[in-house]
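Hi everyone, thanks for coming along. I'd like to walk you through one model this morning, so please have the structure open on your screens while I talk.

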Amino acid sequence: MQQVNLGMIGGGTVGSGVFHAWQTNGGLMAARLGVKLVFRRVAVKSFDEPRPYPIARELLTTDWQEVVNDAEIHVVIELVGGTGIAKTMVLAALARGKTVVTANKALLSAHGKELFAAAAKSGANLYYEASVCGGIPIIKSLREGFVANQFPAIYGIVNGTCNYILSRMKAEGAEFADVLADAQKHGYAETPPDLDIDGFDAQHKIGILASLAHGFWVDHHQIHTEGIRDVSKIDMEFAEKLGYTIKLLGIAKQISAKKPGVQVSVYPTLIPNAHVLASVNGVFNACFVQGDIVGDTLFYGRGAGKDATASAVLSDVADAALDLKNNAKTRVLPFVAHAWNGRVVPMDDIVSRYYVRFSVVDKPGVLAKISAIFAAAKIGISSVIQPEGHAGESVPLILMIHDASNAAMRKALAKISRLPVVKAKPVMFRVESFD
Ligand code: NDP
Ligand code: HSE
């Protein structure tokens, strides 16, 4: 049986998970692939760092160059993370003609174009299944299973940490900080966790999916991104009363405006409770993918954690091993640029529905003042709730807003915020109807 030698850089949460999964099912993989997979070296930062699963001591080194420079290693697995030294490691491995497997969405988001150009130059492949949605085979599905499709829309719950936090806040009324600490304990969160909470991890992932689906590498600076810090218990409760659940959603949607393009964005979104994405809870991720030929499809699974992510890493290792076994690239390449005029539509031009919560003084005429500003901006209000039982200097006033552009909404809210009867910055979330 042919043998493919593996070198791994990083033996932390995911790296040790990969090693453990290989120990458990490496024999099964060999039987299925007709290729024996053998670990030759694993680089870590420190020998003494505690690991979720042990890695054989004789394989460990603290010099990552021993991995990329080993002529016997065919496939390099990068599981260090970040955009600094990891970039040097990946480029060094590709330059030596080695296939690279990475779970590093931050790196791909920031430098994907350059990395795929380096892979093309060296003739090696760069695989990245584990970079989006943990164990869900979403990359391979878009790339191969849906090769005959265009993608009118992809909606993804792509950050396990945020979904875990939002789900527990909703179900248990739990405090944000306590739930975040639990997500960190489980190994779901990035270091630092702000990458998750502020929406950047989801930005990296939806950018990768949009790039793959639409055939141009999306510049992450063009992805409108909002995190979950402003989602409070009170908004969850009002959303629930209105028939919605709040989820952090990554969206990649074709927009047929005067100048067509793709909306690529991340923000907390009100999803109708009846929609399947509303019931995706905990660390689970899901991607609702609409293909022009296949129609609606749904992918669901664990979006983070050592074992689920290891499953995705090893699926890339399997593809890399088959490339080597067949001495040819028999599959669709990991990323193919095919839309040179691809464009991200600016957020201001995106039309949406909205949930807005104002904190206002409780006296007659307040609603009239607010609705006059919306009316002047030609923005329609679809419903109003002013719940009773709130005492104090200000009370909540909730408005559901008909379709309006983000630019129009932004300007109207700026004007409303300046009204003396409005006591705090309005809270605004977009509403997705999946039309
Ligand atoms: P960890 O922090 O747990 O592991 C990082 C590993 O890199 C550690 O083993 C560390 O060594 C090693 N390392 C750091 N610097 C160096 C260096 N200079 N040379 C050699 N080794 C080094 O991170 P995760 O395993 O959580 O994440 C790895 C990647 O996977 C990231 O890109 C992350 O975004 C991605 N990912 C993570 C998921 C998760 O659920 N955690 C899910 C999907 C993707 P040491 O152990 O000695 O400190
Ligand atoms: N921090 C990431 C998440 C890990 O919570 O989704 C998986 O990519």
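I'll go through the two ligand sites, then an aromatic pair, and finish with some backbone details.

One reminder before we start: this is a predicted model, so please hear everything I say in that light.

Let's begin with ligand 1. Its surroundings comprise 25 residues, and those that come nearest are G11, V14, S46, R51 and G305. If you zoom in, you can pick out some backbone contacts to oxygen atoms of the ligand. A backbone N or O atom of G305 lies 2.7 Å from one such oxygen atom. For V14, again with a backbone N or O atom, the distance to an oxygen atom of ligand 1 is 2.8 Å. T13 also places a backbone N or O atom by an oxygen atom of the ligand, at 2.9 Å. How much of ligand 1 does the protein bury? On its own the ligand exposes 910 Å², and 83% of that is buried by the protein. By class, the shell around ligand 1 consists of 10 nonpolar, 10 polar and 5 charged residues. As for where we are in the protein, the space that ligand 1 takes is the largest pocket.

Now please move over to ligand 2. This ligand, too, sits in the largest pocket. Which elements give two or more residues to the shell around ligand 2? They are α6, residues 160–172, and α9, residues 200–214. There are 13 residues around ligand 2, with K105, G160, T161, Y188 and D196 the closest. Sorted by class, that shell has 4 nonpolar, 4 polar and 5 charged residues.

The contacts here are worth a look one by one. K105 uses its side chain: a polar atom of it lies 2.5 Å from an oxygen atom of ligand 2. G160 brings a backbone N or O atom to 2.7 Å from an oxygen atom of the ligand. With Y188 the partner is a nitrogen atom of ligand 2, which lies 2.6 Å from a backbone N or O atom of that residue. Alone, ligand 2 has 250 Å² of accessible area, and the protein covers 93% of it.

Let's leave the ligands and turn to the aromatic rings. Searching the whole structure gives 16 aromatic pairs. I've chosen F146 and F299 to show you. Their ring centres are 6.0 Å apart and the planes meet at 75 degrees, so this pair counts as edge-to-face. Why does the pair tie together parts that are 153 residues apart in sequence? Because F146 is in the loop between α5 (138–145) and β7 (153–157), while F299 belongs to strand β12, residues 295–302.

Last stop, the backbone. Between T191 and P192 there is a cis peptide bond, with omega about -5 degrees. You'll find P192 in the loop between α7 (176–185) and α8 (194–197). Then there is K378, which has a positive phi of about 60 degrees although it is not a glycine. K378 lies in the loop that runs between α12 (366–376) and β14 (381–385).

That's my tour, and I'm happy to take questions.

Note on methods. Residues are numbered from 1 along each chain as its sequence is written. Chains are lettered from A and ligands numbered from 1 in the order in which they are written. This is a predicted model: local features need pLDDT of at least 70, side-chain atom pairs count only at pLDDT 80 or more; totals for chains, interfaces and linings use all residues. Side-chain values use heavy atoms; hydrogens and water are left out. A residue is near a molecule or strand if one of its heavy atoms lies within 4 Å of it. A polar contact is a pair of N or O atoms within 3.5 Å; within protein, one must be able to donate a hydrogen and the other to accept it, and residues adjacent in sequence count only if both atoms are side-chain atoms. Accessible areas come from the Shrake-Rupley method with a 1.4 Å probe; for residues, only the protein chains shown count as cover. On a 1 Å grid over the protein atoms alone, a cavity is a set of points where a 1.4 Å probe fits but cannot get out, and a pocket is an open set with protein on both sides within 12 Å along at least five of seven lines; lining residues have an atom within 4 Å of a point. A molecule sits in a cavity or pocket if more than half of its atoms lie within 2 Å of its grid points. Helices (H or I, at least four residues) and strands (E, at least two) are DSSP runs, numbered from the N terminus. Ala, Val, Leu, Ile, Met, Phe, Trp, Tyr, Cys and Pro count as nonpolar, Asp, Glu, Lys and Arg as charged, and the others, Gly among them, as polar. Rings of Phe, Tyr and Trp (its six-membered ring) pair if their centres lie within 6.5 Å; planes under 30 degrees apart count as stacked, over 60 as edge-to-face and the rest as tilted.
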